[in-house]
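Take a walk through this fold, from the overall layout to its core. Keep the sequence and the model side by side.

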Amino acid sequence: MSCLHSFIIASFLFAILAFSNPLSPPSSASYPALNELTFRHQVARAVSSIQAAYPGAQLHRIECTSTRGPLRTPLGLVDVRLFFANPSRTPGRQAILLSSQPGALAWGQWGRPQYLPDPRPGAERPLGDVLTSDIVQVVRRMRQEGQQGAFRAVDVVKEEGMTEVWWQFQMSSRNEGWVWVGDESGRVMVEGNDEMTETGDTS
């Protein structure tokens with residue numbers, strides 16, 4: 001038998017073995033949950049969609065709430081509300097709300113946008129079209145600074161005088177109050193007893 005024939009037969013047998021016994025795919029545990037990768041991207045897509053339908057609309061606030069009680073991971077914060085300022089001069093159309101569908105199981109499952117009767121508070125500045133950090137990164141940063149408690153909700157805002165966007169976590173324990181994390185700087189601040197205390201360093 002020639003070398004060429006031997007090579008062809010060997011290749012054919014290898015193909016049969018590979019087809020009949022394919023490599024097992026990695027377990028699902030090897031992959032991050034879908035939500036982990038897509039919160040900021042789902043928000044960015046929603047902003048783009050709203051701005052296409054309502055030119056000039058600007059995202060001013062994000063609110064995320066747990067539908068299952070206090071959480072230690074952000075993956076359960078699937079009740080999401082996006083508040084937009086709308087430049088319409090028509091009364092009753094100067095603010096737009098985009099909310100998660102009832103019973104949403106993941107980020108990006110939106111309902112229909114609706115008008116709000118009142119514009120967003122003037123003290124809130126636009127957040128921009130894309131967040132710098134993802135919610136998973138923000139929670140990880142909070143944990144690194146010793147804030148290990150469960151949380152019920154998080155608001156993402158940039159109020160008058162703030163130099164960056166802040167994530168405000170409502171902690172489940174009254175003793176913990178609110179924990180703030182800077183979207184760009186990663187600074188962690190703890191609010192309690194009407195005082196703000198910065199934790200650790202920002203390196």
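The paragraphs below go from the whole chain to the strands, then to the core and its aromatic residues.

This is a predicted model. The protein holds 3 helices and 9 strands. From the N terminus, their order is α-α-β-β-β-β-α-β-β-β-β-β. Of the 203 residues, 40% are buried. The accessible surface comes to about 12100 Å². Carbon and sulfur atoms account for 54% of that surface. Contacts reach along the chain too. Among those with a separation of 6 or more, 51% link residues 24 or more positions apart.

Start with strand 1, residues 58-65. Which strands pair with strand 1? One is strand 2, residues 79-85, which runs antiparallel to strand 1 and is joined to it by 7 bridges. Another is strand 5, residues 151-157. Strand 1 and strand 5 are also antiparallel, with 4 bridges between them. Individual residues show how strand 1 sits with both partners. C64 has V80 as its bridge partner in strand 2. C64 also stands opposite V154 in strand 5. I62 faces V156, again in strand 5.

Now move on from strand 5. Its pairing with strand 6, residues 166-171, is antiparallel and spans 6 bridges. Within this pairing, V157 is matched with W166 in strand 6.

Are these strands covered or open? Strand 1 has 6 of its 8 residues buried, so the rest of the structure largely encloses it. Strand 5 is mostly covered, with 6 of its 7 residues buried.

Next comes the interior. In soluble globular proteins, nonpolar side chains tend to be buried together. Here the largest nonpolar core has 38 residues. Which of its members touch the most others? They are F39, I62, L82, F84, W167 and F169.

Take F39 as the guide. F39 lies in helix 2, residues 34-53. Is F39 buried or exposed? Its relative accessible area is 1%, so it falls under the 20% cut-off and counts as buried. Leaving aside neighbours within four places in sequence, what does F39 contact? The list is I62, C64, V80, W107, L131, D134, I135 and W167. Two of these names have already come up as a bridge pair: C64 of strand 1 and V80 of strand 2. I62, opposite V156, is also in contact with F39.

The aromatic residues come next. The structure holds 5 aromatic pairs. In the pair of F39 and W107, the ring centres are 5.0 Å apart and the planes meet at 80°, so the geometry is edge-to-face. F39 belongs to helix 2, while W107 belongs to the loop between strand 3 (95-99) and strand 4 (114-116), so the pair ties together parts that are 68 residues apart in sequence. W107 is buried as well, at 5% relative accessibility. W167 joins F39 and W107 in one aromatic cluster. W167 is also one of the core residues that touch the most other members.

Finally, look at Q42, also in helix 2. Its relative accessibility is 17%, so Q42 counts as buried under the 20% cut-off. Beyond its neighbours within four places in sequence, Q42 contacts W107, G108 and W110. W107 is thus a shared partner for helix 2: F39 pairs with its ring, and Q42 is in contact with it.

Conventions
Residues numbered from 1 in each chain as written. Predicted model: local features only at pLDDT ≥ 70, side-chain atom pairs only at ≥ 80, totals over all residues. Heavy atoms only, no water. Core = buried A, V, L, I, M, F, W, Y, C linked by side-chain atoms within 4.5 Å. Buried < 20%, exposed > 50% of the residue type's maximum accessible area, 1.4 Å probe, protein only. Contact = heavy atoms within 4.5 Å. Phe/Tyr/Trp six-rings, centres within 6.5 Å; stacked < 30°, edge-to-face > 60°. Helix = DSSP H or I, 4+ residues; strand = E, 2+ residues; numbered from the N terminus. Areas by Shrake-Rupley, 256 points an atom, 1.4 Å probe, with all protein chains shown as cover. Pairing = 2+ DSSP bridges.
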